[in-house]
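Student: I have a model open and some questions about its backbone and its folding pattern. Can we work through them one by one?

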Amino acid sequence: MVELEDKLQRLHAANFQWALHCTGGRREDAEDALQQAYEALLDGSASFEGRSNFKSFLFGVIRNKARSLRRRKKWGRLVGLDRIDPPAVAPTGSDELERGERQAAVRQAIAHLSPRQRDVLELVFYHELTVEEAAVVMGVRLGTARTHYKRAKSALQKQLMDGELQWQETTIGS
Amino acid sequence: MARDDDRLLKELYNQGRPHQGEEPPEFSSVIDEARSASPQTGSGRYTMWLAAAAAVILAVAATSILISPDGDTPDRSVELAEPVEPLPAATTVALNNGEQWEELLEFADQVWEQEYPSDFLL
């Protein structure tokens with residue numbers, strides 16, 4: 001039990017980031033999903049049997065809890081949990097402004113991806129899982145995860161390039 | 001896609017990904033709440049067995065209600081106007097596959113979200 005809690009604590013920050021991703025950035029839902037996932041591990045209703053690595057297994061549990069929460073909420077009220085939040089407060093200063101614009105462009109591009117594509121990029125790019133591990137978390141076959149990953153990268157690149165072109169046209173036109 | 005492109009894309013993604021800088025809640029508070037909400041290890045499984053046993057008892061009770069007092073099962077067969085074609089084998093295979101179910105649910109979710117605006121109230 002102590003060993004399990006140690007493992008959870010080591011991954012706690014990453015777990016929370018993944019829960020936030022799975023709940024479309026809703027902090028309250030992310031906290032609920034995280035707590036329910038920990039609860040399932042403590043009471044044994046979700047038990048790690050070593051078929052994958054612990055992090056992939058845990059992310060899978062968090063994802064399932066977030067999805068159950070989301071489905072349950074839909075019956076009460078329809079909410080856009082997959083919606084990506086708009087960029088945070090506009091930064092000041094030219095460097096910060098540029099960084100802010102770039103972040104906004106990336107966020108805009110990410111918002112155009114499908115939920116599966118966003119999941120695989122979040123897992124591989126941010127959480128540094130392999131595509132194989134991401135497949136375990138997402139509950140899909142390796143081939144499916146590879147396809148989502150490949151399409152996600154192409155779509156993100158295309159979105160960013162299109163955005164850049166639009167930005168240039170607007171700047172030159174004005 | 002070249003490796004350099006991948007690296008650049010990864011860098012851009014990590015700079016622009018949403019929910020950056022969100023601090024996690026205190027681990028101790030989350031784990032304490034999880035501990036108090038869940039039964040101790042082992043008893044969770046016991047609860048599951050108890051729930052399964054209750055489900056079996058309910059199923060038996062429901063069956064006994066459906067059987068008439070003289071012991072005969074009432075005839076509930078339905079005569080169809082036309083014979084029904086069996087599902088193609090591929091459909092059965094697809095529905096037996098957990099992943100396909102998952103895909104189906106995912107698709108249903110997406111259709112649902114596209115059909116109704118997020119502020120739509122049931």
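**Backbone and fold**

Tutor: Start with Glu128(A), which counts as exposed because its relative accessibility is 56%, over the 50% cut-off. Keep in mind that this model is predicted.

Student: Where in chain A is Glu128(A) placed?

Tutor: Look at the elements on either side. Helix H5 covers 115–126 and helix H6 covers 131–138. Glu128(A) belongs to the loop between helix H5 and helix H6.

Student: What is the phi of Glu128(A)?

Tutor: Most residues other than glycine have a negative phi. Glu128(A) is not a glycine, yet its phi is positive. The value is near 55 degrees.

Student: Is His19(B) buried or exposed?

Tutor: His19(B) lies in the loop between helix H1 (3–16) and helix H2 (27–37) of chain B. This residue is not a glycine either, and its phi is positive, at about 65 degrees. The cut-off for buried is under 20% relative accessible area. His19(B) has 9%, so it is buried.

Student: How many helices does chain A have?

Tutor: Read along the sequence, the pattern is α-α-α-α-α-α-α. Strands come to zero in chain A. The helices come to seven.

Student: What percentage of the contacts in chain A between residues at least 6 apart join residues at least 24 apart?

Tutor: Chain A has 174 residues, and 47% of them count as buried. For the contacts, take residues at least 6 apart in sequence as the base. The share that joins residues at least 24 apart is 66%.

Student: How much of the area that chain A exposes do carbon and sulfur atoms supply?

Tutor: Chain A exposes about 9,000 Å². Of that area, carbon and sulfur atoms supply 51%.

Note on methods. Residues numbered from 1 in each chain as written. Chains lettered and ligands numbered in written order. Predicted model: local features only at pLDDT ≥ 70, side-chain atom pairs only at ≥ 80, totals over all residues. Heavy atoms only, no water. Helix = DSSP H or I, 4+ residues; strand = E, 2+ residues; numbered from the N terminus. Buried < 20%, exposed > 50% of the residue type's maximum accessible area, 1.4 Å probe, protein only. Contact = heavy atoms within 4.5 Å. Areas by Shrake-Rupley, 256 points an atom, 1.4 Å probe, with all protein chains shown as cover.
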